[in-house]
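Me: I'd like a close look at one part of this model, the stretch that carries a domain annotation, together with the strands and helices around it. Could you take me through it in one go?

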Amino acid sequence: MATSSQTPFGSQNLPTINLLDPRSIVSNEIVEACVELGFFKVINHGISYEIIEKVKKEGFNFFGKEMFEKSLAGQASSTNPLGYGYKNIGSRGDMGELEYLLLSAHPSYIAEKSITISNDSSQFSSAINEYIKAVNALTCKLLVLIAEGLNIQDTSVFSRLIMDEDSDSLIRFNYYSPTSNNAEIGFGEHTDPQLLSLLTSNDVDGFQISVQNDEWIPVPADPNAFWVNVGDMLQVLTNGRFSSVRHRALTNSSKPRLSVIYFGAPPLLASISAPPEMLSNIGYSLYRTFTWAEFKDNFYRQRLTEGRLNYFKNE
Ligand code: GA4
């Protein structure tokens, strides 16, 4: 277990939010976890085991196919990140020991794309779309609780961004085959650019978060829970009260690891600026106003580890 004198957190006591607890307790606990770590686990989230297992099963089916079949899903490239990817991440040469399938979370995109992904495309698209609907609702719920915990009057100010039917949200399947060496870098260190990311996995460990400098905390797998990452957009929208969490995934030498991540993102043309209540602590906005399209255009040209927000800071 990673422990340190600087942080009270280790693998065994990462913040766990029980959504069945009283609402005001839950909203305060979430805000505390987001301020301290930018990361928490949600249990009793209301999404059925069947919905989650179905989507993992589709993931395993896909990665179990021959390479040429997987490539039919469209190969993720430096110009288009969506589709099937093998080892190459992004456009600037980042590499990892993984395979992935990155898809837009629009129901119509999933329905169309499923024909190239699965032999039973209607089963694939109904499993994925059912899952997306459920995780989107859960993400919205968490964003409303966050706004409540921050005493923001307009409690849907964050959730509206990802509820919008033009939201640029994504779903990603990452598959880490066992490697001969334990703990190779599967997905290198980075923060997620979006508002919130909800991650679920099979029962294999490998996910880690970074708290201070070079200290990594292994996050134990829990197939029934969601792990929630604060992304760069929520850092901006809270005017730096929350920080996006740095995380990475390592491989395992005996078992494959599958994770499924939903990235809740704003619509391309949404303008990103913190609500007035978030400016009162320091009296000004740390970041200039920009659109998600502008931010996205910028980060897709960067390396995985780069500090994406520096360019958007107010002088
Ligand atoms: C990290 C979070 C999501 O997986 C992702 C990633 C994207 C990609 O894989 O194409 C990026 C990465 C992620 C941030 C910096 C850029 C873009 C790879 C990369 C080097 C889909 C996303 O939105 O940003």
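Which residues does UniProt list for "domain: Fe2OG dioxygenase"? And how do the sheets and the ligand shell look around there?

Reply: Happy to. Keep in mind that this is a predicted model. UniProt lists residues 166-266 for "domain: Fe2OG dioxygenase", and the entry is an unreviewed one. In the model, the end C-alpha atoms of that span lie 8 Å apart. As for its make-up, the span is 44% strand and 6% helix.

Let's take the sheets in turn. One is an open sheet of eight strands with mixed pairing, and its order reads E1-E2-E10-E7-E12-E5-E4-E3. Strand E1 (16-18) and strand E3 (83-89) stand at the edges; each has a single partner strand, so one side of each is left without a neighbour in the sheet. On average, neighbouring strands here are turned by 25 degrees against each other, ignoring direction.

Within that sheet, have a look at E4 and E5. They pair in the antiparallel sense, with six bridges between them. If you want a spot to start from, find Ser104, which stands opposite Leu170 in E5.

Two helices lie across this sheet. Helix H2 (residues 49-63) lies across E4, E5, strand E7 (196-201) and strand E12 (257-264), and its direction makes about 115 degrees with E12. Helix H5 (residues 121-149) lies across E5, E7, strand E10 (226-230) and E12, running at about 130 degrees to E7.

Now for the other sheet. This one is open too, with four strands in the order E6-E11-E8-E9 and antiparallel pairing. Its edge strands are strand E6 (185-190) and strand E9 (216-218), each of which pairs on one side only. Neighbouring strands of this sheet are turned by 20 degrees against each other on average, again with direction ignored.

Strand E11 (residues 246-250) is a good one to follow residue by residue. Three bridges join E11 to E6, and the two run antiparallel. Ile185 stands opposite Leu250 in E11, while Phe187 has Ala249 as its bridge partner. E11 also pairs with strand E8 (residues 207-210), again in the antiparallel sense, over four bridges. There, Ser210 has Arg246 of E11 as its bridge partner.

Back to E4 and E5, which bring us to the ligand. Strand E4 (94-104) and strand E5 (170-176) each supply at least two residues of the shell around the ligand. The shell has 17 residues, and the ones that come nearest are Pro81, Gly90, Asp192, Phe299 and Leu304. By type, the shell divides into nine nonpolar, five charged and three polar residues.

And the confidence? The protein chain averages a pLDDT of 95, with 98% of the residues scoring at least 70. For the complex, the predictor gives an ipTM of 0.99 and a pTM of 0.97. One stretch to read with care is residues 1-5, where pLDDT stays under 50. For those residues the model has eleven contacts beyond four places in sequence.

Notes:
Residues are numbered from 1 along each chain as its sequence is written. This is a predicted model: local features need pLDDT of at least 70, side-chain atom pairs count only at pLDDT 80 or more; totals for chains, interfaces and linings use all residues. A residue is near a molecule or strand if its C-beta atom, placed from the backbone, lies within 6 Å of it. Ala, Val, Leu, Ile, Met, Phe, Trp, Tyr, Cys and Pro count as nonpolar, Asp, Glu, Lys and Arg as charged, and the others, Gly among them, as polar. UniProt positions are given in the numbering used here, feature names are shortened, and annotations may be inferred rather than shown by experiment. Two strands pair if DSSP finds at least two bridges between them. Axes are lines fitted to C-alpha atoms, for helices over the stretch in contact, and angles run from 0 to 180 degrees between N-to-C directions. pLDDT is the predictor's confidence in each residue, from 0 to 100. Two residues are in contact if their C-beta atoms, placed from the backbone, lie within 7 Å.
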